[in-house]
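User: Can you walk me through this one? I'd like the overall layout, then the inside, then the surface.

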Amino acid sequence: NVGPLSAMTITWTPAALSLDSVYKTKVSLYPNPSNGVINVKYNDIPVSNIDVVNVLGQVVKSITLDPSRSQTSQSIDLSGQANGLYIINVSTNETSSSYKVVLDK
């Protein structure tokens, strides 16, 4: 009872991690920048689709995967694409995560 406050209550509700944030830590893309071939490595994630999107929003490559297989990586050949920034969308049946990659041949 010192000053104008006699009691204070703070309610804190911890936020649960989303699947996107959990999966984002388990996916790596290399090399970045790339000279044409990008490797997508994913561990313990049931990846079902990988899309490569250019800066105009056009899907330039789409790869459908079988999430029940024990595959842990996928190589993507972008050597036929123009230099620039690309977005790699890695999807499971539950969520999708996006990663930026620079193509510099």
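**Layout, core and surface**

Analyst: The protein chain has one helix and seven strands. Keep in mind that this is a predicted model.

User: What order do the elements run in, from the N terminus on?

Analyst: α-β-β-β-β-β-β-β.

User: And contacts: what share join residues at least 24 apart?

Analyst: 52%, counting contacts between residues at least 6 apart in sequence.

User: How much of the chain is buried?

Analyst: Buried residues are 32% of the 105 in the protein chain.

User: OK, the core. How many residues are in the largest nonpolar one?

Analyst: It has 19 residues. V27, L29, V40, Y42, I50 and I88 have the most contacts inside it.

User: Which elements give two or more residues to this core?

Analyst: Five strands are listed: β1 (27–30), β2 (37–42), β3 (49–53), β6 (84–91) and β7 (96–103).

User: Take V27. What does it touch, leaving out residues up to four places away in sequence?

Analyst: V27 touches V40, K41, Y42, I45, V90 and Y99. V40 and Y42 are also among the core residues with the most contacts.

User: Switching to the outside. How much area does the protein chain expose?

Analyst: About 6900 Å², with carbon and sulfur atoms supplying 52% of it.

User: Which residues form the nonpolar patch on the surface?

Analyst: V55, L56, L85 and V102. Together they have about 380 Å² of accessible area.

User: Where does L85 lie?

Analyst: In strand β6. That strand also gives two or more residues to the core.

User: So is L85 itself buried or exposed?

Analyst: Partly exposed, because its relative accessible area is 35%. Buried would need under 20%, and exposed over 50%.

How values were computed. Residues numbered from 1 in each chain as written. Predicted model: local features only at pLDDT ≥ 70, side-chain atom pairs only at ≥ 80, totals over all residues. Heavy atoms only, no water. Core = buried A, V, L, I, M, F, W, Y, C linked by side-chain atoms within 4.5 Å. Buried < 20%, exposed > 50% of the residue type's maximum accessible area, 1.4 Å probe, protein only. Helix = DSSP H or I, 4+ residues; strand = E, 2+ residues; numbered from the N terminus. Contact = heavy atoms within 4.5 Å. Patch = residues over 30% accessible without salt bridge, like charges linked within 9 Å, V, L, I, M, F, W, Y side chains within 5 Å. Areas by Shrake-Rupley, 256 points an atom, 1.4 Å probe, with all protein chains shown as cover. Salt bridge = Lys/Arg side-chain N within 4 Å of Asp/Glu carboxyl O.
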